[in-house]
Amino acid sequence: MEQLLQENRVFHPPADFIKGAAISGMDAYHQLCAEAETDYDGFWARLANEHIFWKKPFTTVLDESTAPFYKWFEDGLTNASYNCLDLNVEKGLGDKKAIIFEADDGTVSNVTYQDLLDRVSKMANALRKMGIQSGDRVIIYMSMSIEGVVAMQACARIGAIHSVVFGGFSAKSLQERIVDVGAVAVITADEQLRGGKALPLKVIVDEAIALGDCEKVKNVIVYQRTGGNIPMTAGRDSWMHEVVANESAVCEPEWVSAEHPLFILYTSGSTGKPKGVQHSTGGYLLWAILTMKWTFDIKHDDVFWCTADIGWVTGHSYITYGPLAVGATEIVFEGVPTFPNAGRFWDMIQKHKATIFYTAPTAIRSLIKASSNDVAVHPKSYDLSSLRLLGSVGEPINPEAWMWYYENVGGSRCPIADTFWQTETGGHMISPLPGATPMVPGSCTLPLPGIMAAIVDEVGHDVPNGHGGILVVKRPWPSMIRTIWNDPDRFVKSYFPEELGGTLYLAGDGAIRNKDNAYFTITGRIDDVLNVSGHRMGTMEIESCLVANPLVAEAAVVGRPDELTGEAICAFVVLKGGRPTGDEAKKLALDLRNWVGKEIGPIAKPKDIRFGDNLPKTRSGKIMRRLLRVIAKGEEVTQDTSTLENPAILDQLKQPL
């Protein structure tokens, strides 16, 4: 962290980029910030009227009467799918490529805006025919595909609320989400292809429903991706290609209030139960559009590529909604960055002439490692001259990875948008603007116009620049989380805690602003949520899973820094039997890792498992996780351990397998 805070390399946007940028130069940035400061409601009203089609214009901008359950543009009527598709066709972009889809095996197919509108309309009509109505919830459990985007847009078109579940989650995780959201239908595929392998999807849906409490699910719609032999339940299951075959390509959109929920996306919390983050239609869509224009400086002839999965919020905002709402051409990629080799990303940029590339530090770090051993997959072995802008998402990017990305992928000419944001924020919050902000490796720099970010202490008081503290946002903004589905109390406690005064949005991250230019640097999570490869995992969720194993008596999970994934999961486990050693311990550790992978998903597998006779606890029985974090990092415990009931246990837990 010291290196991050002392970073003094500064990189200015190229003069040519500044000239043609949507926000050109720091004066333009400061002007927008000043407009927001002077007339907050007027600022957002102007942008909402300029960038969104309203079937019925709004008359109220921000309603704070039920704070912190804020409402934006509530009496306005709009539709997200209409804004993404119909509008572009009406503007004469019907023949423009909307999606360039590259399959796992390299097969490429193109979809125009007119094609996409037709496919979405047919799917929407099919959903309506099944009795799915505005406000109904639909689970989407699919891999990266045109059909995944179509399914999301079709739900939005009829006012159904989609909840996408990442295709790597287990049957149990899927079932929990089906039950919590009260889904009436599931859209899935027979299988998914990743890295040359066919992996199950429909079978996992069947397993999830069989776990119980899923009686509301009346329809399971299956996209035939691989043609694998899978069971179909009569009266419930149907093939996607069959249900859309005879549907009309014209579908009148459902005009909904700007506050109508567009989607619910589950994210890990610090307690075991995942949180259903609820987003609105109007405010969310506005910010997806603005961040495409501001952060990515999107132009008519850009080829935009976000490598995220639609199962995460990045895939929602910067694949399904943002790029389409601004009429862009985007790449959708089914596979993984290392198949058939670690040059896959660079090959695709070269082949499709991508101009904007948005990926995660985890991917960058893994490709640095791969290319250092094999010149054939090094980015300099490819023609990446089409690139004009790079982006980073998911977690802070360490300065050396930033430099490698800047020099080797961007040829030292492409600005890097190092974007800080969250599932709950709907879009970028703090990021360099490519035509304005001087960049510092490892820093997300300055808040976007209209985002009143600050750093405070434990009681909500501002801290001076140069001092670390808690990242908060002082004013509501249009794309913010509206509530946690079915749990408003948890929403208030999680994001507007009383100890900070009840009016500040708590991001859950620590941060510091430097003294020179007030740039923000994120220093990590302040709660027990781990950030593994840009994916948030609740420690409680993993602990609960480990303890559910019949061999385990107790478990504590912490994070430790990891060069590849940013943060690695480290589990300390007490078995019901004696503490294992040697080969027995190694076998049990492998079994427990696989157990977690099956119950939650591969992303949640602990990297380290250590066994002890007990866990370090205070005399009142509280597990001292701060000491476990020190041990997980391989550091010496220097903190006071006098309150520990069993200090000798620390030496036992220091022993890695």
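**Exercise 1. Describe the surroundings of Ile-52, which lies in the loop between α4 (40-51) and β1 (62-63).**

*Solution.* The structure is a predicted model, in which local features need pLDDT of at least 70 and side-chain atom pairs count only at pLDDT 80 or more, while totals for chains, interfaces and linings use all residues. Residues are numbered from 1 along each chain as its sequence is written, and side-chain values use heavy atoms, with hydrogens and water left out.

Step 1. Helices (H or I, at least four residues) and strands (E, at least two) are DSSP runs, numbered from the N terminus. Ile-52 belongs to the loop between two such elements, α4 and β1.

Step 2. Relative accessible area is sorted into buried (under 20%), exposed (over 50%) and partly exposed (in between), with a 1.4 Å probe and protein chains only. Ile-52 counts as buried because its relative accessibility is 7%.

Step 3. Contact means heavy atoms within 4.5 Å. When residues up to four places away in sequence are not counted, Ile-52 touches Thr-78, Asn-83, Gly-282, Leu-285, Leu-286 and Ile-289. Of these, Thr-78 is 26 residues from Ile-52 in sequence, and the two C-alpha atoms are 8.1 Å apart.

**Exercise 2. Determine where the partners of three salt bridges lie and whether each partner is buried or partly exposed.**

*Solution.* Step 1. A salt bridge is a side-chain nitrogen of Lys or Arg within 4 Å of a carboxyl oxygen of Asp or Glu. By this rule the model has 33 salt bridges.

Step 2. Asp-86 and Arg-157 form a salt bridge with an N to O distance of 2.8 Å. Asp-86 is in helix α5 (residues 80-93) and Arg-157 in helix α7 (residues 146-158), so that distant parts of the chain, 71 residues apart, are linked. Both partners are buried: Asp-86 has a relative accessible area of 11%, and Arg-157 one of 2%.

Step 3. Lys-172 and Glu-176 pair at 3.3 Å, N to O. They are four residues apart in helix α8, so about one helical turn separates them. Lys-172 is partly exposed at 35%, as is Glu-176 at 30%.

Step 4. In the salt bridge of Glu-554 and Lys-617, the closest N and O atoms are 2.8 Å apart. Glu-554 lies in strand β28 (residues 552-562) and Lys-617 in the loop between β30 (608-611) and α19 (625-632), so the pair ties together parts 63 residues apart in sequence. Glu-554 is partly exposed at 21%, whereas Lys-617 is buried at 15%.

**Exercise 3. Characterise the interface of domain 1 and domain 2.**

*Solution.* Step 1. The bounds, which come from an automatic or database domain assignment, are 15-20 + 77-450 for domain 1 and 533-653 for domain 2. Taken over C-alpha atoms, the domain centres are 33 Å apart.

Step 2. In domain 1, 22 residues are in contact with 17 residues of domain 2.

Step 3. Buried area is the accessible area (1.4 Å probe) that two parts lose on being put together, summed over both. The domains bury about 1,600 Å² between them, 49% of it on carbon and sulfur atoms. Ser-268, Trp-312 and Arg-365 supply 28% of the area that domain 1 buries against domain 2, more than any other three residues.

Step 4. The rule finds zero salt bridges across this interface.
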